[in-house]
Structure formats: C-alpha cells, structure tokens
Amino acid sequence: MTLSVAEIGLYALALFILFLTPGPVWVALIARALSGGFHAAWPLAMGVVVGDVLWPLLAIFGVSLLVSLYADFLTVLRYAGAVIFLIMGIALIRHADRVIGENSQLTRPGMWAGFIAGLLVILGNPKAVLFYMGVLPGFFDLTAVTAWDIAVICAISAIVPLLGNLVLGLMVDRIRVLLASPKALRNMNLSAGFLLIGVGLVVGFSP
C-alpha cells in the first residue's frame, strides 16, 4: 500500500466535513426516520454506501466512456428517484393522521424500498459527484494507487458517511419517540411528506 496514514486521515476528515454539509441524503434520511424510525432509516444508509463506493471507483479508474455511459444512466436513475420520493411524500401527507404501521402502502416495500431510495439519492447527489470526481483526485495520486490503496479509499468512503448517517437516523428516531400524541404524529408525518417531496424536486431538477 502506498498511501500514508496522514493522507488517509486527511481524506477521512474531508469525508466527515462533507457529511456535515446538509444535502439530499440528509433530507431523505431525516424524512424516513421521522416516518418510520430507525428501522426505516438504516436501509437507506446502506443504500447510500453503494454509491459511496461506486463514486470513488469511477473517479479512480476514470474511464471516459464509462463515465459518459454512466451519466446517461444516472439521468434515468435521477428521474426515477424523483418520482419515487414524490410518491412517498404524497402518500405520507394523505395518511398524515395514521401511525406508520397502519399504512400498508408505506410499510409494504420495507427495507428494500429504503435501500433503493438511498442508492438513488446518492447516485443523483450533486454534492457527491463534485467531491468524488473533483476533490478526490487532489488527495491521492490516482495514477499510482495499488489495489490495496483502492480498497482502503473505498472502505473509508463507505464507512465515514455510513457511521454519520446511522447516528443521524438514530437521533431522529429518539426524537420521533417523544412525538407520540395524535397532533404531533400528524405534524411529523406532514413534515416527513413535504421533506420527501422536497427530495424528489431536488433530485429531479438538479443540473
């Protein structure tokens, strides 16, 4: 491995700072945690991990043909993700007076729906594109990295945001437990619904 401890530490710090910058992943995670608790939030965090591994791989290998093909595929995924978030948000608003367990339309997709939502939101996240494609090459000499270097970079790219997202989801879940009254439940579901619609609009109209 050619990477130094200082390089790895600096990159991990940059990832943590990136996590602290609110974006579509934050909004989606908070919305799902508000509507379904930590059980609904952690699958989304796992879906984000896939994108957080894929982006540095694309940055490292930098095959222009692959990137151009991926950009077209990403456009399709972005609009698909936007539609999914809009549908989820509208459904939450329509059923704002129900507890999440009573709304089979929202609970039927389960963990898989959360995972796909996380994958879509990270693949269409402009902040992630800018960081991995524009900033990552400044941390390492990507022309000289070994297989072990690539593995370490991908592992850090996945672990740092994952831990942050899980902690955020758990914190929102604890707050959600305190909101047990029918009025608080309605307000919570309305907030989560509008947040999901906001994610759909951000993902759909991002350049």
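Helices (H or I, at least four residues) and strands (E, at least two) are DSSP runs, numbered from the N terminus. You are looking at a predicted model, in which local features need pLDDT of at least 70 and side-chain atom pairs count only at pLDDT 80 or more, while totals for chains, interfaces and linings use all residues. Residues are numbered from 1 along each chain as its sequence is written, and side-chain values use heavy atoms, with hydrogens and water left out.

**Exercise 1. Describe the overall make-up of the protein chain.**

Step 1: Begin with the elements. The protein chain has nine helices and zero strands. Read from the N terminus on, the order is α-α-α-α-α-α-α-α-α.

Step 2: Turn to burial, where buried means under 20% relative accessible area, exposed over 50%, and partly exposed in between (1.4 Å probe, protein chains only). Of the 207 residues in the protein chain, 46% are buried.

Step 3: Look at the surface, with areas from the Shrake-Rupley method (1.4 Å probe; for residues, only the protein chains shown count as cover). The accessible surface of the protein chain is about 10,300 Å², and carbon and sulfur atoms hold 76% of that.

Step 4: Finish with contacts (heavy atoms within 4.5 Å). Among contacts in the protein chain with a separation of 6 or more, 87% join residues 24 or more positions apart.

**Exercise 2. Check the length of helix 2 and find out how covered it is.**

Step 1: Work out the expected span, which is 1.5 Å times one less than the number of residues. Helix 2 covers residues 24-36, so its 13 residues should span 18 Å. The end C-alpha atoms are 18 Å apart, which agrees.

Step 2: Ask about cover. Ten of the 13 residues of helix 2 are buried; among them are Pro-24, Val-25, Leu-29 and Arg-32.

Step 3: Look at both sides of the helix. Gly-23 sits in the loop between helix 1 and helix 2, and this glycine counts as buried because its relative accessibility is 14%. After helix 2 comes Gly-37, with a positive phi near 80°.

**Exercise 3. Which residues have the most contacts inside the largest nonpolar core?**

Step 1: Recall the term: a nonpolar core is a set of buried Ala, Val, Leu, Ile, Met, Phe, Trp, Tyr and Cys residues joined through side-chain atoms within 4.5 Å.

Step 2: Read off the answer. The largest core has 37 residues, and Tyr-11 and Tyr-132 have the most contacts inside it. At least two residues of this core come from each of helix 1, helix 2, helix 3 (38-61), helix 6 (110-123), helix 7 (126-135) and helix 8 (147-178).

Step 3: Zoom in on Tyr-11. Leaving aside neighbours within four places in sequence, its contacts include Phe-131, Tyr-132, Phe-139 and Ile-156.

**Exercise 4. Find residues that are far apart in sequence, and give their distance in space.**

Step 1: Take Val-121 in helix 6, which is buried because its relative accessibility is 0%. Val-121 and Val-25 are 96 residues apart in sequence, with 6.2 Å from C-alpha to C-alpha.

Step 2: Try Trp-55 in helix 3, buried at a relative accessible area of 3%. Its C-alpha atom is 7.7 Å from that of Ala-128, 73 residues away along the chain.

Step 3: Return to Gly-23. Its partner here is Lys-127, 104 residues apart in sequence and 7.3 Å apart in space, C-alpha to C-alpha.

**Exercise 5. Locate a nonpolar surface patch and the salt bridge.**

Step 1: Define the patch: its residues have over 30% relative accessible area and no salt bridge; like charges are joined within 9 Å, and nonpolar side chains (Val, Leu, Ile, Met, Phe, Trp, Tyr) within 5 Å. Leu-10, Leu-13, Phe-16, Ile-17 and Leu-20 make a nonpolar patch of about 480 Å². Phe-16 belongs to helix 1 (residues 5-20), and at 41% relative accessibility this phenylalanine is partly exposed.

Step 2: Search for a side-chain nitrogen of Lys or Arg within 4 Å of a carboxyl oxygen of Asp or Glu, which is what a salt bridge means. The structure holds one: Arg-174 meets Asp-173 at 2.7 Å, N to O.

Step 3: Are these two residues buried or partly exposed? Arg-174 is partly exposed, with a relative accessible area of 45%, whereas Asp-173 is buried at 8%.
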